[in-house]
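Hi there,

Here is the structure I promised to pass on to you. Please open it beside this message as you read.

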Amino acid sequence: MIPYGRQDITAEDIARVGEILNSDFLTQGPAVPAFEKAMTEQCGTRHAMAVNSATSALHLACRALGVGAGDVVWTSPITFVATANVARMCGAEVDFVDIDPDTANMSVPALAEKLSRTAKMGGRLPKVVMPVHFGGQSCDMAALATLAQEYEFAVIEDASHAVGGRYRDRPVGACAYSDITVFSFHPVKIITTGEGGMALTNRDDLAEKMTLLRSHGVTRDPAQMTGKSDGPWYYEQVDLGYNYRMTDVQAALGLSQLARLEDYVRRRHVLAARYDVAFRDLPLAPLRQDSDVYSAYHLYVVRLDLDQIGKSRRAVFERLKERGIGVNVHYIPVHTQPYYRALGFEQGDFPLAEAYYARAITLPLYPALTEEAQDKVIRSVKDAIS
Ligand SMILES: *Cc1c(COP(=O)(O)O)cnc(C)c1O
């Protein structure tokens with residue numbers, strides 16, 4: 001089976017991880033701060049907090065921005081459930097903004113329309129909007145930031161797909177148009193730490209809060225304490241936090257992988273361009289790539305022209321699986337999940353996301369995919385739709 005995504009682990013990665021296993025600190029040693037520093041340099045951001053998953057990073061981001069009961073957070077229905085869930089974990093309500101069907105990113109015109117409609121009706125405006133850089137392609141962040149100023153909401157970029165990507169002249173993660181950006185280091189993503197994630201920000205207050213909440217809300221910094229130190233052992237819990245720490249074992253892997261980030265993304269572009277050429281005259285459409293964006297190409301998605309193909313998406317999907325192609329679907333619209341239906345969302349609420357979902361298939365794309373294997377995928381796609 002050719003999987004839709006796969007990590008790439010080198011002898012160098014294994015050596016770096018081995019060094020940590022032989023060292024004094026498996027966690028809270030020097031590797032985590034080294035990984036964080038390297039990522040701030042990569043992205044040109046002031047602060048980076050490594051944690052045990054992107055879900056944890058998104059949760060910390062919401063907590064740091066004060067999201068709680070009585071607040072509303074808006075995101076895209078075409079994302080992994082975690083993006084919406086973290087707002088629920090803070091006690092907030094979630095709502096969605098429909099997508100641009102050609103990129104599967106949150107539609108900024110639809111966001112503008114929904115904000116204006118909500119404001120006119122005296123409804124609750126979002127405290128935070130979480131755009132998701134679908135497949136590695138950044139949302140239109142400049143337009144989104146203009147709306148954030150006008151309607152006074154904070155912005156968390158769910159860039160789980162987009163480490164190594166660029167928007168205009170800056171790396172994704174620079175936080176030039178947002179308060180916080182989050183990366184995922186799950187093995188199917190661009191670089192991996194096994195499980196892991198990171199939150200980046202230019203704001204000192206948010207960095208301090210996320211650092212505190214990452215480790216139980218406990219501090220040893222006298223400046224953050226409310227009481228007087230009892231002695232050199234003294235620490236204080238000043239907020240309700242979590243154990244969301246990344247281990248040094250993971251950080252060493254991440255740091256080693258980061259050295260190959262640009263090569264990985266370049267390779268993904270080469271493979272994506274080969275798919276684009278091979279599919280040019282077929283009844284399936286890749287996502288549009290915007291000219292001011294350099295995608296990290298986490299996913300290569302095609303939208304099937306089902307009328308012209310004369311088969312269901314399911315039939316095409318199953319045929320590809322039979323031929324050993326590990327296709328996938330990203331994503332089932334979050335508002336149609338039973339948990340969100342129970343909160344009142346219904347089929348039909350976000351029609352463009354639902355229409356996109358009905359005909360999307362994700363094809364294999366990862367740096368170690370060989371051109372021979374990719375040619376097999378291409379032949380299999382042609383067979384499956386004929
Ligand atoms: C993978 C992913 C997450 C969650 O990442 P974890 O590191 O597995 O917690 C969140 N959002 C999106 C869009 C993702 O793809």
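Below are notes on three places in it: a ligand site, a helix and a single aspartate.

Before you start, please keep in mind that this is a predicted model.

Let's begin with the ligand. It is surrounded by 14 residues, and the closest are Thr-55, Asp-158, His-161, Ser-184 and Lys-189. Three of these side chains place a polar atom by a ligand oxygen: the distance is 2.6 Å for Thr-55, 2.7 Å for His-161 and 3.0 Å for Lys-189. On its own the ligand would expose 380 Å², of which the protein buries 92%.

Next, have a look at helix α8, which spans residues 248-258. Nine of its eleven residues are buried, so the helix is largely enclosed by the rest of the structure. Among the buried ones are Asp-248, Gln-250, Ser-256 and Gln-257, along with Leu-253 and Leu-258. Their cover includes α1 (11-21), α2 (31-43) and α9 (261-278).

Finally, turn to Asp-98, in the loop between β3 (93-96) and α5 (108-120). Asp-98 is buried but forms no salt bridge, and the nearest side chain of opposite charge, Lys-114, is 9.3 Å away. What does the side chain of Asp-98 reach at 2.9 Å? One partner is the backbone nitrogen of Ala-353, and the backbone nitrogen of Leu-352 also lies 2.9 Å from a polar atom of that side chain. Beyond its neighbours within four places in sequence, Asp-98 has contacts that include Phe-350 and Pro-351, as well as Met-106, Ser-107 and Ala-110.

Happy exploring, and best wishes!

How values were computed. Residues are numbered from 1 along each chain as its sequence is written. This is a predicted model: local features need pLDDT of at least 70, side-chain atom pairs count only at pLDDT 80 or more; totals for chains, interfaces and linings use all residues. Side-chain values use heavy atoms; hydrogens and water are left out. Helices (H or I, at least four residues) and strands (E, at least two) are DSSP runs, numbered from the N terminus. Buried means under 20% relative accessible area, exposed over 50%, partly exposed in between (1.4 Å probe, protein chains only). Lys and Arg count as positive and Asp and Glu as negative; His and the chain ends are not counted. A salt bridge is a side-chain nitrogen of Lys or Arg within 4 Å of a carboxyl oxygen of Asp or Glu. A polar contact is a pair of N or O atoms within 3.5 Å; within protein, one must be able to donate a hydrogen and the other to accept it, and residues adjacent in sequence count only if both atoms are side-chain atoms. Contact means heavy atoms within 4.5 Å. A residue is near a molecule or strand if one of its heavy atoms lies within 4 Å of it. Accessible areas come from the Shrake-Rupley method with a 1.4 Å probe; for residues, only the protein chains shown count as cover.
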